[in-house]
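This report is written for a reader who has the sequence and the model open side by side. It goes from the aromatic rings to the strands, then to the metal site, the backbone and the surface.

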Amino acid sequence: MVYDKAYLESSGAYALDPVRARFPRPRKCLLNRGVYGVLRDAGPDTWGRDMLFREHGVLSEIEILRRAPEDGAGNISFHAENRLKAYSIEEIDQASSGFPPSDEPASRAVYPTTSMGGAKPKLLAYDAEAFWIAKFPEKGDPEYKNAANEHAMLEMAKSCGIEACDSRLHVLPDGRKILLVRRFDLDGSPARYARGGFASAHTVLGMGDPRHEGALRSYVRFRHEAKHWTKRDDGAALWRRLAFNALVSNTDDHARNHALVFDGAWRLSKAFDIVATPGVGLVRLCLGIHAGGVVATPESLILSADEMGIEREEAVDVLVDMAAQITAQWRSRIGDGMAAVSVDQLASAFRLADEVLVFDFARVASPVRSRRYKPRR
Ligand SMILES: Nc1ncnc2c1ncn2[C@@H]1O[C@H](COP(=O)(O)OP(=O)(O)OP(=O)(O)O)[C@@H](O)[C@H]1O
Ligand SMILES: [Mg+2]
């Protein structure tokens, strides 16, 4: 990739990735079959790719970006003309019958799709002067994973001091519930809009090479790598997010579920895609929380706080306060959003919050000097 001279000289120019695609000459990209992470972030992921492949057959990374709609995260466009298509809520209602389409080969009709990432079927919506991601249930999802769950978790994250996305529930004509999540990178109206930059933690961590991915997947690394972009330390905000994810067993907290946004400067995006997941035994997150790994316990969350630069006393206070709010609130936050039997199934998602409330934090060994962070380039 090279930057066009006119872009470099324009007043709003900024490096799309200040580490890998830095000014004035980007490094050669050896990951993701040569496609820079920030470019791939603008295109579809599992679900959107599947929809494109149904229509066009398997496509190369570049063809995916060229053929996908213009509504992907961030501000990078691969089209000469404006192709942003946002559906009104009425249009979403109309499109919803037969959506998501069945997997039958017979249903090779062209369906609306999106460049937003993720595995769930989704469309871009516009309503009440805001853009929203309309997230549909995935086929075969149990009811406890529904839109009411995600909405409740986003709201509860806010009450726990996390800057999380605004969202609301919408009931489709056939009775299914979908979640509308307000876009944090898109303002204005379909006729006149402004887009902000977007880079997933996957990109910031330099992931894309399966040989190193395991070692790169970590909140601690993300904290340090993000500093090259944001020029600030978001350790405390990130730790609060990882602790909340652990307390509600949001165990799908992979590196495309965290991001930075650019609106004149890079900063941490609002938190998104938080879903409580029932389970038994240890809570394992996707990203490492401290040098010891991905298993979240009351003790490991405190060791994680040490590594993320948070004072021990403060970390214990925040953790206990979040656990108390979660155990007190989760049922009322879900409300009548799912059947009573599904609410009961969900209870085990909050087992770590219950444990935190009775844990003796005086037992946790004193903080050791944090290990030196070794960047991997
Ligand atoms: N509010 C938002 N504004 C802008 N972009 C967003 C927002 N929420 C999510 N995204 C982007 O859209 C992608 C898909 O959203 P999300 O993670 O909610 O979907 P999902 O299908 O549940 O994902 P997963 O496959 O992780 O389950 C994210 O990875 C991120 O790139
Ligand atoms: Mg996601």
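## Rings, strands and a metal site

In this predicted model, ring pairs link Y14, W229, F262 and W266 into a cluster. A search of the whole structure finds 14 aromatic pairs. One of them is formed by F184 and F272, a tilted pair with 5.8 Å from centre to centre and 45 degrees between the planes. Because F184 lies in the loop between strand 4 (177–182) and strand 5 (186–188), while F272 lies in the loop between strand 9 and strand 10, this pair ties together parts that are 88 residues apart in sequence. The two partners can also be described by their accessibility: F184 is partly exposed, with a relative accessible area of 26%, whereas F272 is buried, with a relative accessible area of 15%.

F262, a member of the ring cluster, also belongs to strand 8, where F262 and L260 are buried on one side and A259 and V261 are buried on the other, so that both faces of the strand are covered. Strand 8 pairs in the antiparallel sense with strand 7 (residues 197–200) over 4 bridges, and in this pairing A259 of strand 8 is the bridge partner of S200. Strand 8 also pairs with strand 9 in the antiparallel sense, over 3 bridges, and here L268 in strand 9 is the bridge partner of L260. The hairpin of strand 8 and strand 9 has 3 residues between the strands, and G264 in this hairpin takes a positive phi near 110 degrees.

Which residues are the protein donors of the magnesium ion (ligand 2)? They are N257, through OD1, and D273, through OD, lying 2.1 Å from the ion. The pair links distant parts of the chain, 16 residues apart: N257 is in the loop between helix 10 (235–247) and strand 8 (259–262), and D273 is in the loop between strand 9 (266–268) and strand 10 (283–284). Both N257 and D273 are buried.

The backbone deserves a separate look. In general, most residues other than glycine have a negative phi, and most peptide bonds are trans. The table lists four departures from this pattern.

| Site | Backbone feature | Value |
|---|---|---|
| F23 and P24 | cis peptide bond | omega about -15 degrees |
| F99 and P100 | cis peptide bond | omega about 0 degrees |
| A128 | positive phi, not a glycine | phi near 50 degrees |
| S249 | positive phi, not a glycine | phi about 50 degrees |

P24 is placed in the loop between helix 1 (5–9) and helix 2 (37–41), and P100 lies in the loop between helix 5 (89–95) and strand 1 (122–127). A128 is found in the loop between strand 1 and strand 2 (130–135), and A128 is exposed because its relative accessible area is 62%, where over 50% is required. S249, by contrast, counts as buried at 2% relative accessibility; S249 is located in the loop between helix 10 and strand 8, the loop that also holds the magnesium donor N257.

At the surface, V320, L357 and V358 make a nonpolar patch of about 250 Å². L357 is found in helix 14 (residues 351–358) and, at 39% relative accessibility, counts as partly exposed.

Methods. Residues are numbered from 1 along each chain as its sequence is written. Chains are lettered from A and ligands numbered from 1 in the order in which they are written. This is a predicted model: local features need pLDDT of at least 70, side-chain atom pairs count only at pLDDT 80 or more; totals for chains, interfaces and linings use all residues. Side-chain values use heavy atoms; hydrogens and water are left out. Donors are N, O and S atoms within 2.8 Å of the metal (3.2 Å for Na, K and Ca); water is not among the atoms, so sites may look incomplete. Helices (H or I, at least four residues) and strands (E, at least two) are DSSP runs, numbered from the N terminus. Buried means under 20% relative accessible area, exposed over 50%, partly exposed in between (1.4 Å probe, protein chains only). Patches are made of residues with over 30% relative accessible area and no salt bridge: like charges are joined within 9 Å, nonpolar side chains (Val, Leu, Ile, Met, Phe, Trp, Tyr) within 5 Å. Accessible areas come from the Shrake-Rupley method with a 1.4 Å probe; for residues, only the protein chains shown count as cover. A salt bridge is a side-chain nitrogen of Lys or Arg within 4 Å of a carboxyl oxygen of Asp or Glu. Two strands pair if DSSP finds at least two bridges between them. Rings of Phe, Tyr and Trp (its six-membered ring) pair if their centres lie within 6.5 Å; planes under 30 degrees apart count as stacked, over 60 as edge-to-face and the rest as tilted.
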